[in-house]
Structures are given as structure tokens and as C-alpha cells.
Amino acid sequence: MNWARERGVPTIFHIDDDLLDIPIELGAAKQALHMHPDRLATIRYLLAETTLAYCSTPALRQRLFGDGESSRVVAGSLYCAHRVRRAPVEPIRSVIGYMGTDHSHDLAPVVPALVRLLTGRPEVTFEIFGSTPMPDALKLFGDRVRTIPPVGDYGAFMDTLEGLGWTIGICALAQTPFNAVKADTKWVEYTACGFAVVASRGTVYDACCADGCGLLVDGEAEWFAAFERLLEDGGAHRAQVERAQEKLRRDYSPERLAEQVLSVFARAQELAASAVAPTTHASSAGTEADAPPADERDVDGFHVDAFIDDKVVGWAWSPQERGRAEGLPLEIWCGDVRLGWNARRMRRSDVDAHVGDSSHSKGFELPIGGLHALFHLLDDAPGLLPSVRLDGRSYAPPSFRAHRNDLASFRTLRTADGRDRLHVADLWWANSRLLKVRSLDAPAVTSGITPTVLRVYQLQRAPTGTLGLIQVDEQELSPHAAIYPVGMRSAYMPLLVVGCTAAGEIAFIDLVPFPSLLRGGPHEAEVSALGDESGSLSDLRRLSDTYLTDCIGGENHPAEFALAGLDIDLSTVIGTEPIFDPSLREWLAAVPRIPVGATNIEARVDRDLGDRGFADHAVAQLKRPDGAASRPGRLRLSLGNAAVPTIAGLVSREPLPSASAFAPHIVTDPAAPTKRWFIALPEGGPLAAVTELGRIARQSFPALEGRGDDPQPDPHADRLLPLAILFRDLGAPTQADLISPVPRDQPTILPQIGPSAPSISVLVLVEQPEHNLQPLLASLAAQAAPNVQEIIVGAAAHDSKLDSLRQLVADILPGLGQVVSDLDTSQINSALNVLASRATGDVLVLLDQSMILHDPRTLDTLARLATLDGTGTVGCLQIRARTPAENNYVLKSAGLFPGRVDFAGPPALSLKELDSIALLPMAIYPVAANLLTCMAISMYVWREVGGLKDATALSAQAGVTLSTRAVEAGYTNLCTSLLSVTARDFPRSPRGVKVFEATRLSAARLLPAVRASTLVRSF
């Protein structure tokens, strides 16, 4: 040690077990040997005095060094590496095996399950490879159990292990402090040999067995069940081994281990050099006249001249390269991960004059803009700090932070430009752990570096809590068009893509900052919603660039985000929603750095009959891993069941419309993602004024809550920025949902909303006397509304039909019904005005004769909503047959939403119905207008707007004109999906009243109603 230190030779102490605390379970003799005071003193000396301590696992590093000694201690991300030696094959015999040395205590918990299995399955045998003795309980099975003696040479050991041909390999570990810092070597060796792994849960094997690469068990029953499953189901056995071997190729390759070891050597050399080398750096390029004295020319230097696109251009020099024809390469590092190197081929005569050397290879051009973008995206995480190393010394190149307002520095997916010898044409999700990358033929470029290897890195949080890079995949690049499968550890964490030669010379570094935006990913929908080209690769790149700069911030960005935090409504969650995905929560904490909390905790406890177990567990799961409580922001976004925040909302720094409003959002069906909907509800109106009504309306929508003391922007300014994605089943509702969206056992649909019993006048205009009116009248008689003043039926018919109509009304509605004749039913407006003039109630309910109020709470609910301050017209859902001869029913909204908007020629606006209750479930929402087929309006509003003024023969147009004038008077038209009625007749128009072209209202008059309406747009 002293000899090496005096000569500047680096020393490395590699340790792969906690040799300072050997347990008695490994044997008294082994414990006595390792715990001898002289041996312990030697271990401690080596740990403290070598240039670099190299621990086999991060857990061992934490055990031996705690949080200190970070500069001279490294831990490997992998310890054992292998290529696949034997692909999975159909087993000829059923053999379960265990490999180990003096580990009887680890195998002991598995023995009862093995006894049970061997007893019930005579064809199964058991083998131990190594010095672990055969348990006495298993010796009873005679020649069905055997021990293979240990093999000292590792190559011969692996040959022997492969030749055993086990069906299942046991990775058993007892829960002891010594085992807590061990590596996952057994899994690697078993997997390389084609064995299916069953491992102890809660140990080092949890990570390698994840994603179906091994079965994790605990206890006799689970060990037995795992053995039975793999022996019984050959397909499951083969699939598990194939997944494990794919992970082995991706994460445990010898090349990755070699790169790790070389990086350890380089780190040791750097530490040894820094102990003796001068620390003065050259700070600027000089001229020959400015050349330093000869005694200063042995000082190394690193200097940046310019930032060009994503590259840093400058020069570097080391005394070690004096007289060399080529400059020493510059190694590019991200934290503790060596990505590769770049040669320096640029002629710099000014540098030669400065350093006094005749070599012409001092200049560099480093593509490290993506590294700085990643570093700043992760809030300058120390484990991601970009650095450049020359001749064992490390330099931190100047940050791009000063150039943050230059979008060229933060462009993502540069490989899509086709200028880096890899022309990416498309990327998409194959599944949550695999991307597909489609490339075109490589461009014909005669100069520069031609990459032949593609390496992909992703973020991983170490046990200490720090973030760092880990390589997740490596692919050989083809000069021709190809599709590359790229593995991922997380569906959300940024991807760093490095193209290099087989020797490691870097051609390009690319960044995919938000992989969840890719086609098939959780955030794919917002690319389609906000992009200009239907979710194309160009849309993806533009959004990624924008989100990256917004998330990082800059001098021209507001200091705080729009959102300070997320709140998850626990009242309806079950714990399997996307927000509880650990990879999503890890990403939320690391990238947008937004805290996640919970609301309605006590409501959840009440629902669980006082049991706090689920609520407390959910709250604990939602906390940020780094413990941070907040980030600068103004509002909190409340999310309900099966919702995730959009990246657009998480990174936005622009003011959002309100301190208490509905959040614009996207609804998508996971089972049929080809059609999605964008929904934005305007703020204000009765939904904001009535606390209880707002609470009910927010049950199904994301909502914003926060400070209300700031100046409020235009409430419509950011209605097109979706803040959440709701994953819902948009299939046909069940019969029960059609009839009673709110269960019948709930006495009132809107408790504590509006006057308890507003008086009601029902108006029914009979346009077709030959149709049976009895179903409607019977449903009115069954209504539970306590204060129905009168039911006025208007008709124009011969005396004989009028007599029968009067008798029917008198029989079904004694004392309530009255019939008004001599009406011109061809003029709907004037006829309804006559009926309304006879009404005495507080609320008018207008009904088409084809309606059936199958829910006895209909009149009460519509009347309560109509009497709220600020409410104009009120509608609800209508059940209709798809075609006249069909028994297949659909649920339509009587409320009309903005449809086609076209100002290319003559101004044209249209309004449309909504097809699916799943888009607006259990909610109350503003609409542009309501149809007269089933509409409520307070008598006060009716009189203020002057009733129905424009002469028309179409009830659809009459409803729109009335609703439009209500908006012009400052009221909000509402529709609710809490309630449905039945329309017996198929609409007379072949397309129904799906679209109302504004033929009787100018575009200028319709615009206020459109702006006040909920926006529902499919894409």
C-alpha cells in the first residue's frame, strides 16, 4: 500500500459481503476465522486507506460507509453478469435444485414445502450443488435427492451448473442483516442456465424477479404453490424463463459489467492523480505572444469557446499528450456513469502556441446539450451532473443555463432530423416496459462518426435516495431501415439515447424527456389533443420541447408553477388506479417534483366502517419519496377515480382560470383508445355559487382549489389546456344506469339544494292527438314532488278527441290536470306562451308528449335546479331507441353543446347532443341550450326573457332561442346526468336532433352561449 501510494499507483479494495459482521449461521469455524481481531483490522485498514473502495451493492456501501465517504467509495449497479448459456427447453425430467455453500439456514424455510411436494409428486427429484448439507427431512426420499460436490474453478462451476438441467432453481435467503447486503448472483446464474427461479420475497431478489422474471414467495404455502405452478404449467415456466433471460441480456450483460469495472479503474486513477497533480486550470485561449513561461506549460486545461446547437465547442490539453499525434480522448460522464468518449481532431494552432506543443489535435466538439437538459429537468440532481474527464481529471463544462431561452439547446428527439446516422421515423409503446423505434435508411454522410451501437439509459433512485443513470438496453444499429425493441425500467422516467461506435466513441446523445407521451403511453391522448398533426411525431417533438423548457424554467418564465400539488379523492378509489403505480409516483416526485396528498380521508374511513387501514396505507403510498412537502405554486388539482395529471398541467407556469373551478380534462377509454374526448367546463354560475351543488358536480371531474387573492385571468383563457386524463369505460351503459343513474333507494337526487318544495307547473303541448298520452300522464301522477300546482295540457283537435283527452286527464290527474284547446300547435312558441300564461307555479316544466318520467324524482330535481340563482334552463338525459324498429336504447343529453364552428365562409355555428353518459357521469354541467322536449325554467326567468318570442315550427329551434336569450340575460343553462327520462318516439328527423344549424340566430348571438357551455370535443 505504501509503495503504491508513494508512486501514485491507484489501489482498489473490492468487497462483496459485510466482512465486519459474519453471523454464526454460516458456521462457528467460518465466523471465528473472519471475526479474528487481526483480520478485522486488515479489513478496516483497506476500507479506509485504499484509493477507492468498490462495494458490490449499494446496500453494502450504505452498511459500511453510511452517507459519508462519497468521493472515494463506489457501489456497482450489477455484480454478476452472464450471457444466456441455455435457452428454455421442455424439461425431460422435473428437478428442483439449490446451489450454495454453508447456507442451511437459508434453505430451512423451504424444506417443509419440498417434503410436501416430493411426497405428492413421485416424478420430482431434488438436488443440492455445493457444500450445503442435505436436510435430514429430505434424506428420507433416498435416491430422489442427491448432492453434487462443489467445484472450485468458476468456468467449470458454470459448466457443471448448466449441465444439471434443473427445472426450478431456488433462491432462498433468510431475513438477516448479513443477507440484506448480498447481491443477486444466484438469479443471474440460474437464469443464464435456463432455470425458472423461485425466490424469497423481501430480499435482494425482489428487483431481478420483478416483471414476471421470477416468483417471489414467503412461507410454506407460497413455496409449494410456486413449485406446483411451474411444474404443472409448461407455458408459464417457459414464458418466465424467456422474460428473465431477456432481462439478463438487457441489464446483466458482460459488456455492462466490463464498462462498470473500467469506470471504477478510471475513478481510481482520477483520485490518485488528484492527490498529486496541480489544480490550476487554463481559463482562456491565448496567442503565441501570450504563451505562458516554460515552467507553467505542464498545467492541463479545459476551455469552452462556444455553444453550437446542442454541442459544446472548445479545447482541452494535458501534459500527458505532449508530442502525441492525436489528442487524448475526452470521456463523457453523467454522474457516476461513463457514457463513452470523443476524440479531439480539430486543429487549434492558437492552443498549440499557448501550451507550447506542436500537436494539432486539441479541439473538441461534445454533444452534451441533452445531458444538461436532463440535469436541469431533474432539478440539478447531483447524481446526473454532466462532466468531462481528460487523462484522469474531471471537469464540469459550463452549464447551458445561461442559454436556457435558446430553444435550440433544448430540442428533443434530434435523431428524427436524420442527421445523426440514425433517422428515427416513429416511436411507440409495445407495452409498459418496451418501446419500439422505427428507423429509416441511414443518411449518406461521408464525414463524422458512424454509430453502430445504440445504448439507452434511464433514471433510477439509489437506496440513499439520490437519482442516477442506469443502462436499460443496448442494440446493434443497422444502416438500413429497421425496428428496434428498446427496454425500459419506467414508463415515465426520461430516456437518454446514446449512439456510439463499438469502441465507445459517441456520435450523438439524444433525449426523450417524456416517454409517456409516445403512442400507446399513458399521456398519449394529450399529444392528439394539443398537437397540430393528429398526434404525429412532429407533435410529440414540439410538445416535448415545450414541456422541457416549461419544466426547467428560465429568466422569461414565472418563478412558480400553476399547480402546487395534487389531491387524490380517496372516497371511491380501490388502490389499483394509475396514480398508485409506483413508477408514476416516483416520476411525479423526480421530474415535475409535485407533492401528492389525499382528500375525503374520513369519508373513506366511514365507507370502510371505521377501518383506517386502507386510508392510512393510501396516504402513505402517495407521499413523495424525497419527503418534500410542496413546490412553488398557486393551485391544487383534485383528482378522482382513475385519473392522472397531464404533463401540460404539471409543467405549466401560466395562471390558470380560477382558484375554484373545474379542470379541463381528457376522457379516454383504455379498452378502445382510438376515440378520445376533450372536456372543459366554464367556471362561475350556479355551480360556483352553490357550495353543495359544486361539490356534487365536482365528484366526477378534476377540480382546482387554491389561493383566491390573486388577480383572476380571463376565465376562458386556458380552457383548452387539459390538466388531467380520466380513464373510463365508454361502452354502453347498463339497463340500470339508463333508468336510474342515481339508485332509487335514495329519496332525493339533490338533497339540500334549492327550496325544499318549489311549486311546479307542467306544460304539455299535444302536437299529435292520435298518439297515446296515457304513459306520460301516468308517470306524472307517480311523481314524488310534493307541490305540483297544475298540469296543463294544450291541444288543437276535433271536439270528439278533445272530450276523450279531457276525460283521460281527469281520470289520471284528478284536481291537477286541465286541458287548453283552440291552440295553433303548428306555431310552438305562441302555443306554449298561451299555456305558460295560465301557470301559477314557481317553476315551469315543459314536456313533449312522447316523454315518460320513469323516475319519480324527476320533477323535484328539475325544479330544485331551476330555482337556483343564476340558472337559466335545465335539462337531463333522455333514453331513446337507436332506430324506430330497434329495442337497443341509447342515452342522449337533452342539453346541446358547441359543435362545428366555421368562419371560413359565412359565419356558421352548430350545436350538438352528446352520445355517452360516461363522459359526464353523475354530474351537473353548463350547456349552450336545452331542448323543449324536457326542460325546466323558473317562472321569474321565463318572464324576464319574455318567454318564447320567435315564431317557429321546430321545437329544437324554440329551445335554442329561449336558452340563448337566457344567457344574454346573464343566466347559465344546466343539464344533469343524475337523471334520465324516456322518449317513446324515435325522432322524426332521420338523424334526430343531433345538430341545430343556427338559421334563426346570428353567430354573434350564439357566441355567448357557446362560451358559457361545457366544451366537449372528440379527437
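This is a guided tour of one protein chain, stop by stop, for a reader with the structure open in a viewer.

**The whole chain**

Begin with everything shown, and bear in mind throughout that this is a predicted model. The protein chain has 1019 residues, of which 55% count as buried, and its secondary structure comes to 31 helices and 47 strands. If you display the accessible surface, the total for the protein chain is about 41,600 Å², and 53% of that area belongs to carbon and sulfur atoms. Contacts across the sequence are worth keeping in mind as you move on: among those between residues at least 6 apart in the protein chain, 74% join residues at least 24 apart.

**The largest nonpolar core**

Select Leu339, Leu378, Leu469, Trp587 and Leu780, which are the residues with the most contacts inside the largest nonpolar core, a set of 170 residues. Add helix α17, residues 537-552, since the helix that gives the most to this core is α17, with seven residues. Then centre the view on Trp587 and show what surrounds its side chain and backbone: once neighbours within four places in sequence are left aside, Trp587 is in contact with Tyr492, Met493, Phe514, His523, Pro592, Ile647 and Leu650.

**A second core and strand β8**

Apart from the largest core lies another, of 59 residues, and Trp166, Ile170, Val197 and Ala244 are among them. Keep Val197 selected and extend to strand β8, residues 196-200, where five of the five residues are buried, so that the strand is largely enclosed by the rest of the structure. Next add strand β7, residues 168-171, which pairs with β8 in the parallel sense over four bridges. Within this pairing, Val197 in β8 has Gly169 standing opposite.

**Helix α13 and a surface patch**

Move to helix α13, which spans residues 254-274 and holds Phe265. Together with Ile12 and Leu262, Phe265 makes a nonpolar surface patch of about 280 Å². How far is Phe265 exposed? With a relative accessibility of 45%, Phe265 counts as partly exposed, because that value falls between the limits of 20% for buried and 50% for exposed.

Now select Ser263, which lies in helix α13 as well. Ser263 is buried, with a relative accessible area of 12%, and, not counting residues up to four places away in sequence, Ser263 touches Trp333 and Arg338.

**Strand β45 and its partners**

Select strand β45, residues 972-983, in which twelve of the twelve residues are buried, so the strand is largely enclosed by the rest of the structure. Which strands pair with β45? Strand β38, residues 871-881, runs parallel to β45 and is joined to it by seven bridges. Strand β42, residues 924-927, is antiparallel to β45, with four bridges between them, and strand β37, residues 851-852, is likewise antiparallel to β45, with two bridges.

To follow these pairings residue by residue, pick out one position in each partner strand. From β38, Val874 stands opposite Leu974 in β45; the bridge partner of Tyr925 is Cys975 in β45; and Ile852 stands opposite Thr982 in β45.

Before leaving this region, select Ile879, which is found in strand β38 and is buried, with a relative accessible area of 4%. Draw a distance between the C-alpha atoms of Ile879 and Ile852: these residues are 27 apart in sequence and 9.7 Å apart in space.

**Two residues with positive phi**

The last stops concern backbone geometry in loops. Asp211 is in the loop between α10 (205-208) and β9 (215-217), and its phi is near 60°, a positive value in a residue other than glycine. Leu413 is in the loop between β16 (393-395) and β17 (423-431), and phi of Leu413 is near 50°, again positive in a residue other than glycine.

Is each of these residues buried or partly exposed? Asp211 is partly exposed, with a relative accessible area of 43%, whereas Leu413 is buried, with a relative accessible area of 3%.

How values were computed:
Residues numbered from 1 in each chain as written. Predicted model: local features only at pLDDT ≥ 70, side-chain atom pairs only at ≥ 80, totals over all residues. Heavy atoms only, no water. Patch = residues over 30% accessible without salt bridge, like charges linked within 9 Å, V, L, I, M, F, W, Y side chains within 5 Å. Areas by Shrake-Rupley, 256 points an atom, 1.4 Å probe, with all protein chains shown as cover. Salt bridge = Lys/Arg side-chain N within 4 Å of Asp/Glu carboxyl O. Buried < 20%, exposed > 50% of the residue type's maximum accessible area, 1.4 Å probe, protein only. Core = buried A, V, L, I, M, F, W, Y, C linked by side-chain atoms within 4.5 Å. Contact = heavy atoms within 4.5 Å. Pairing = 2+ DSSP bridges.
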